[in-house]
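Student: I am new to this structure and would like a close look at a single part, the open sheet. Could you take me through the sheet slowly?

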Amino acid sequence: MKNFRSTLLLFIVTALLIVYISFFDKRIKSTEERQRTENELFHVESSDINWLQIKSPTETVILEKKDNQWKITSPLRVDADERTIDRYLIDLQYLEVRRKISQNEIPKEDILKQWGFSNPSLEVSFRTSKEKYDLIIGRKTAVSELVYAKTSMGTNSPIYLISSSIADSLKKGLDDLRSRVVFHFNPFNIEKCGIRQLSGPSFSDYVVLKKGKQWELQKPVLARADGTKLEEWFNELLSLRIDKFVSDDGSNLNQYGLDSPKYQIWIGQTGKKEEDKLLIGNSVSSNSKEIYAKMASNNSVFILQTDLITRVVQNFVDIRDKHVFPAFTEDQVDKIGFQAKNLKLFYVKKANEWQAEEAGREMMLANKNKIKDFIESLHNLESHEIKQEQMENKGYGLDNPEETIEMEFNPGITSDKAQKVALYLGKTENGFVYAKNSIEPFVYTLKEDFIKNLPKTPWDWKDLSVIQLDPQEITQWDVSSALQSFSVKRKEGKLVSTGISDMDEEKLKDCLEFLSHLKAVRWLGPPTQGMELSKPQVKITIHAKKNYVLLIGLSLPTGGRSALIEGEPLAFELDESIYKILVSPKSTPNPSQEAQPQASR
């Protein structure tokens, strides 16, 4: 009972202490917050400010907030830098008074002149929807980093001392406040864009137009445009920033090379009649890494980094889609065909499985992984170089193609007929093969490695499954070779071997699994004399609803064994490690056990 009272007392004391600390901490925070708020010169929320004027001895800048956007209205009507304005207004909101000099402390002398108010270094005025505020900055104090400040030029208003560093941060001019963003647009609203080279040894015009969800290059040639590259190009335009402003009067553009610019980079947006055009002029004479530029819609001349503009131009010139086929997905492909001098083979998708069809042969289940990989390779297939010549030019071997690849697509919601497209492969030259698709006039150059991945025989892409059974279907298997013969049967739920000793039960289970799901490393084609399958080294008879006889021949240079299911037309390569387990599923001797008989001898 005494221990219980002590514990209860300790609990009560701890609880009271926690409550006291919490209350005291809140009170401290509340006091600090109140003192900070009381020290603020303007009790205003920065988000409520909708008009701002910053006046220095050299210029006056006026800004207005409309539709939640800040605009400079004087001395120019231009966009404001939103981040700079946000920071500026926050500085005004939290501007703290270090000391307040009341009227009875102000000397009788002309303090407007003495403290720098007769010719202030800065005057800031701002408004909310309810009130107008003013801040007048005088000179620095004789000691400490403070400046004199007033909120009114009236003689009865107090004088404040504020931080000189804050006062300096409020001294912003037109160039500090205006936006340095070159282009303002939403990429989803762009319907056309381009680059015109307006001066130089040759005129060039690149134009891209959006058609539905696809982009089309219309000049200098009608072709597909690469949507991914175009998105990256839009991001490059949006990231362009002005280094510095040079002039705003729009006169004498000749000195900047902007009366006859080198390039015109433009975009057309939905709902806008005029295109947004960036004009690129001469390099800055004092710095070749800088270049003069201006937007066609206003008079402001500014400087950009030359390498950024060079990259923008080069990337757009390379905007053409180099993919050999227009965009498609794997799910859309229903049929793939290969036609060569000694091969005519088609793969057809049926119920999400691929089957091989060849004239005069039984349909074979295809290796869907190889089909999938090939479709993906066609989807990603890009040309090393695109030739502009038409098909009349027979120098590419495309008048009589070496091989033709055909694809058939399932009909979409806008079509009732399957769409077909073919890829013709011509002659090979310098490590590249010439190619052309059936729906466009251009000649492509593909790396020669592409040809190596094509099927050369009907069985190259055959499914690697040789036997597919439920392991419970196999009741027995017999292994026969020149060296030994044995059988494995099911007996009372176990696998029991006869004709051989030291069988490893786990390896017998492995054998059962391998035989019921037997897979080829690769298909070898019709058996030949060199495979020794007419006189196999090992014969395994598998007893199930349908019996299978597995014939295993000689070792292959690739490391496996030639093998054949009796009665089937195609031989295959059997993995060497599987072969060893099938012919000898014995226990692995323990080294210590092997040593004992030797010791007894």
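Tutor: What follows is a walk through the sheet, its edges, one strand pair and the helix that lies across it. This is a predicted model, in which local features need pLDDT of at least 70, side-chain atom pairs count only at pLDDT 80 or more, and totals for chains, interfaces and linings use all residues. Residues are numbered from 1 along each chain as its sequence is written, while side-chain values use heavy atoms, with hydrogens and water left out.

The open sheet has eight strands in the order S30-S29-S28-S32-S33-S34-S35-S31, with antiparallel pairing; strands (E, at least two residues) and helices (H or I, at least four residues) are DSSP runs numbered from the N terminus, and two strands pair if DSSP finds at least two bridges between them. At the edges stand S30 (494-498) and S31 (522-525), and because each has a single partner strand, one side of each is left without a neighbour in the sheet. On average, neighbouring strands of this sheet are turned by 25° against each other, direction ignored, where axes are lines fitted to C-alpha atoms, for helices over the stretch in contact, and angles run from 0 to 180 degrees between N-to-C directions.

Within the sheet, S34 (residues 561-565) and S35 (residues 571-574) pair in the antiparallel sense over three bridges, and Ala563 has Phe572 in S35 as its bridge partner. Helix H10 (residues 505-516), finally, lies across S28 (476-481), S29 (485-491), S30 and S32 (538-543), and runs at about 95° to S28, contact here meaning heavy atoms within 4.5 Å.
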